[in-house]
Amino acid sequence: MTSFSALIVLLLLVSVLPSSQLSQTMLPPHDGNWEIIWSDEFDGNKLDAAKWSYGIDGPRGDGLWSKENVFLDGRGNLVFRANILGDQFVGAGIDSYRRFAVFAGLFSFRCKLPKLPGFRPAIWLSTPGVESVGNDGRDGTEIDIMEQPGRSAFVHLNLHWDGYKDDHKTTGTIAPIIGTLDDWHSFTLVWTENEYVFYVDNVESWRTSAGGVSQVPQFIRMGIETPWRPSRFELDSQTDEDYFICDYVRVYKKAL
């Protein structure tokens, strides 16, 4: 079979597969069979309050988070808007705190990244135990599945534990995205009791057991913010607006 014919067959297969089977075909090549236990495809026109709560509606970093800057577009996507109002950066965030948390599993996200400088999208897992000191990260680790320093063709993958003050510990790496910033990109974490395995665009990018590996349930956080004042980048407050878009969030457990 020619490569062109194989491509046509693959496209036809994808077009007729049920969504449950389609999601399986898009997983990275990690051992085991996986079953979805929680997901959001972002259908409809309103954020599902049974799954998500809005993050801070107020000061965040050097700017603000506003619940007005996160919404569904009616075409199956979650949209985080980043813009400048006057001299103030405005982003947004959501989380599944007190709605969904799980210990270990496979976490998969499909996203489009913003392109303007100064805007930092991120996806991470957290838990109140991250603030605890003395048990390394076993009682909770901030697991950064993806952070993009604005307008970059790479993402940061990081772990943080033992709080965020004097005892704070962290490690991480940088991974390239495949394609361009106009493309959709996948970000996946496989978290077991012994290690974390990170994938960017289905390519294994980092495997680590740093921090002792969290042994407690953790919830999902997503958002867009800035680590710097936007004026540093000479953004045009009248026109500069960008978006961090998520097609789906899917969480899997290994099938027994």
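This passage walks through the fold, the nonpolar cores and one loop residue of a predicted model.

The overall picture comes first. The protein chain contains 17 strands and 2 helices. It has 256 residues, of which 49% count as buried. Contacts also reach across the sequence: among those between residues at least 6 apart, 69% join residues at least 24 apart. On the outside, the protein chain exposes about 12500 Å², and 51% of that area is supplied by carbon and sulfur atoms.

Turning to the interior, the largest nonpolar core has 48 residues. Within this core, Leu78, Ile220 and Met222 touch the most other members. Ile220 is a helpful one to look up in the structure. Leaving aside residues up to four places away in sequence, Ile220 touches Trp38, Trp52 and Trp124, as well as Phe100 and Phe109. Its other contacts are Ile94, Asp95, Ser96, Leu125, Val249 and Val251. Apart from the largest core lies another core, of 6 residues; Val190, Val197, Tyr199 and Tyr252 are among them.

A closer look at Thr192 rounds off the tour. This residue sits in the loop that runs between β13 (185–191) and β14 (196–200). Is Thr192 buried, exposed or partly exposed? Its relative accessibility is 25%, so Thr192 counts as partly exposed, since buried means under 20% and exposed means over 50%. Thr192 also has contacts beyond its sequence neighbours: not counting residues up to four places away, Thr192 touches Ala104 and Val213. Gln215 lies 23 residues from Thr192 along the chain, and the C-alpha atoms of the two are separated by 8.9 Å.

Note on methods
Residues numbered from 1 in each chain as written. Predicted model: local features only at pLDDT ≥ 70, side-chain atom pairs only at ≥ 80, totals over all residues. Heavy atoms only, no water. Core = buried A, V, L, I, M, F, W, Y, C linked by side-chain atoms within 4.5 Å. Buried < 20%, exposed > 50% of the residue type's maximum accessible area, 1.4 Å probe, protein only. Contact = heavy atoms within 4.5 Å. Helix = DSSP H or I, 4+ residues; strand = E, 2+ residues; numbered from the N terminus. Areas by Shrake-Rupley, 256 points an atom, 1.4 Å probe, with all protein chains shown as cover.
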